[in-house]
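Please open the model in your viewer, with the sequence panel beside it. The stops below say what to select next and what is there.

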Amino acid sequence: TRSSDLSIIDGKTAVPRGSSEQNGFAEKDAGSKNLSAGSRESYEETPLFCSLTSYLTWGLFIIVAYVRTFLVKIGVERQKLREEAEKYSKGFVPLYSSFESIYTRYIYRRIRDLWDRPIASCAGARFDVMERISDDHNETFKLTGKTVNAINLSSYNYLGFAQTTGSCADAAVDAVKEYGVGPCSCRREVGTLAVQKELEDLVAEFVGMPAAMVFGMGFATNSTNIPALVGKGSLVISDRLNHASLVMGIRLSGAKIVTFQHNDMKDLEKKLREAIVHGHPRTRRPYKKIVIFVEGVYSMEGSVIPLKELVALKKKYKAYIYLDEAHSIGCMGKRGRGVCDYWGVDPTNIDVLMGTFTKSFGACG
């Protein structure tokens with residue numbers, strides 16, 4: 001997690017409700033523009049034929065699944081695994097709902113050979129997938145002893161650093177020989193290793209921030225540190241498609257939570273204005289601070305945050321930005337320094353930058 005100055009988030013002063021300067025919002029609208037016009041996203045529209053055939057196929061799958069379930073119940077069809085499961089699960093609470101069970105047996109199992117495939121090499125740009133066959137419609141698998149060399153499109157190893165050979169692997173081996181695998185304790189008790197301080201200084205220099213702090217896990221960085229930044233009396237405005245780690249940290253914080261439509265700067269500005277004008281819904285007092293939580297690149301959608309417009313809103317309404325760069329750091333921008341580099345935005349305009357080593361850098365933390 002990186003911040004230009006974490007303490008400045010607590011420096012917002014409350015202004016009496018009704019004041020034109022409440023939370024930095026002035027009554028006079030200085031030429032409101034369509035903020036999202038400069039970086040409006042465009043997606044290829046799914047053809048109607050593809051949509052219809054996809055829905056019809058899934059509907060047919062579900063109908064056949066329920067018909068087969070009925071046939072099993074009346075004894076017309078037999079399933080070995082189902083019989084074994086019912087035999088050993090008597091007296092226990094079912095692990096899945098009826099629909100989940102039907103979906104797993106009759107829909108997922110049809111394509112089960114595409115998932116959970118074992119590999120026999122390093123998960124680099126290419127890897128060796130272990131070949132397997134099934135004689136019982138994907139209920140069980142047998143390995144043939146052969147491997148298939150395939151292109152890896154499923155790993156977060158964007159730049160190929162997580163290899164068994166090369167400068168990254170050699171440096172990691174040398175560091176383990178010198179420092180061990182780790183102090184096996186927290187930094188408060190054992191202290192900070194020199195190599196940790198060196199890493200934090202290098203990260204801060206790389207992203208253009210005054211300081212950085214490194215944690216051992218990306219998910220925990222969000223879920224455990226966000227409650228230290230916001231709490232009761234604060235407002236969190238979160239993109240509705242934010243990652244689960246952000247959602248967990250925000251919920252644990254105890255702050256008031258408002259969501260806005262994905263990457264919609266108009267909706268975000270509307271929520272900011274409402275929050276400043278009305279204050280807390282119970283007390284009607286101004287919020288202590290308003291923090292906007294977004295991601296640089298949304299991994300499931302492939303969309304990029306319109307950062308210039310977001311920074312403009314932040315400055316206009318005196319809010320703060322918490323930017324998760326898990327999927328953008330290392331692979332966005334001319335120098336690979338994330339969405340700030342990509343949009344040409346000064347990183348010091350972002351109050352808290354968060355990123356991970358598990359994606360582009362092929363490591364952890």
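Start with Trp 58 and Phe 61: both belong to helix α1 (residues 48-73), 3 residues apart, about one turn of the helix. Helices here are DSSP runs of H or I with at least four residues, strands are runs of E with at least two, and both are numbered from the N terminus. This is a predicted model, in which local features need pLDDT of at least 70 and side-chain atom pairs count only at pLDDT 80 or more, while totals for chains, interfaces and linings use all residues. Residues are numbered from 1 along each chain as its sequence is written, and side-chain values use heavy atoms, with hydrogens and water left out.

**Aromatic rings**

Stay on Trp 58, which is partly exposed at a relative accessible area of 39%. Phe 61 is also partly exposed, with 28% relative accessibility. Buried means under 20% relative accessible area, exposed means over 50%, and partly exposed is in between (1.4 Å probe, protein chains only).

Next select Tyr 156 and Tyr 158. Their ring centres are 6.2 Å apart and their planes stand at 80°, so this pair is edge-to-face. Rings of Phe, Tyr and Trp (its six-membered ring) pair if their centres lie within 6.5 Å; planes under 30 degrees apart count as stacked, over 60 as edge-to-face and the rest as tilted. Tyr 156 is partly exposed at 41% relative accessibility, and Tyr 158 is partly exposed at 37%.

Keep Tyr 156 selected and add Lys 359, which lies over the face of the Tyr 156 ring, 4.6 Å from the ring centre. The rule for a charge over a ring is NZ of Lys or CZ of Arg within 6 Å of the ring centre and within 35 degrees of the ring normal. Arg 132 sits over the face of Phe 141 at 4.2 Å from the ring centre.

Now return to Trp 58 and Phe 61 and add Phe 99 and Tyr 103: these four form one aromatic cluster. How many aromatic pairs are there by the pairing rule? The count is 8. In the pair of Trp 58 and Phe 61, the ring centres are 6.0 Å apart and the planes are at 75°, so it is edge-to-face.

**Salt bridges**

Select Lys 142 and Asp 135, whose side chains meet in a salt bridge at 3.6 Å, N to O. A salt bridge is a side-chain nitrogen of Lys or Arg within 4 Å of a carboxyl oxygen of Asp or Glu. Are the two partners buried or exposed? Lys 142 is exposed at 52% relative accessible area, and Asp 135 is exposed at 61%.

Move to helix α9 (265-278). Asp 267 and Lys 271 lie in α9, 4 residues apart, about one turn of the helix. An α-helix has 3.6 residues a turn, so residues three or four places apart point the same way. The side chains of Asp 267 and Lys 271 form a salt bridge at 3.5 Å, N to O, and both residues are buried.

Then take Asp 341 and Arg 335, a salt bridge with its closest N and O atoms 3.5 Å apart. Asp 341 is buried at 16% relative accessibility, whereas Arg 335 is exposed at 54%. The whole structure has 8 salt bridges.

**Two helices and their cover**

Select helix α10 (residues 307-317), where the buried residues include Leu 307, Leu 310, Val 311, Leu 313 and Tyr 317. The cover over the buried residues of α10 includes α9, β6 (290-295), β9 (320-324) and α11 (339-343). Lys 318 follows α10 and has a positive phi, near 55°.

Helix α7 (residues 218-229) comes next. Among its buried residues are Gly 218, Thr 221, Asn 225, Ile 226 and Leu 229. What covers the buried residues of α7? The cover includes α8 (244-253), β6, β9 and β10 (352-354).

**A buried loop residue**

Asn 242 is in the loop between β4 (235-239) and α8, and it is buried at 8% relative accessibility. Beyond its neighbours within four places in sequence, Asn 242 is in contact (heavy atoms within 4.5 Å) with Val 247, Phe 293, Val 294, Glu 295 and Tyr 298. The C-alpha atoms of Asn 242 and Tyr 298 are 7.6 Å apart, with their positions 56 residues apart along the chain.

**Zoom out**

Show the whole chain: its secondary structure comes to 11 helices and 10 strands. Of its 365 residues, 35% count as buried.
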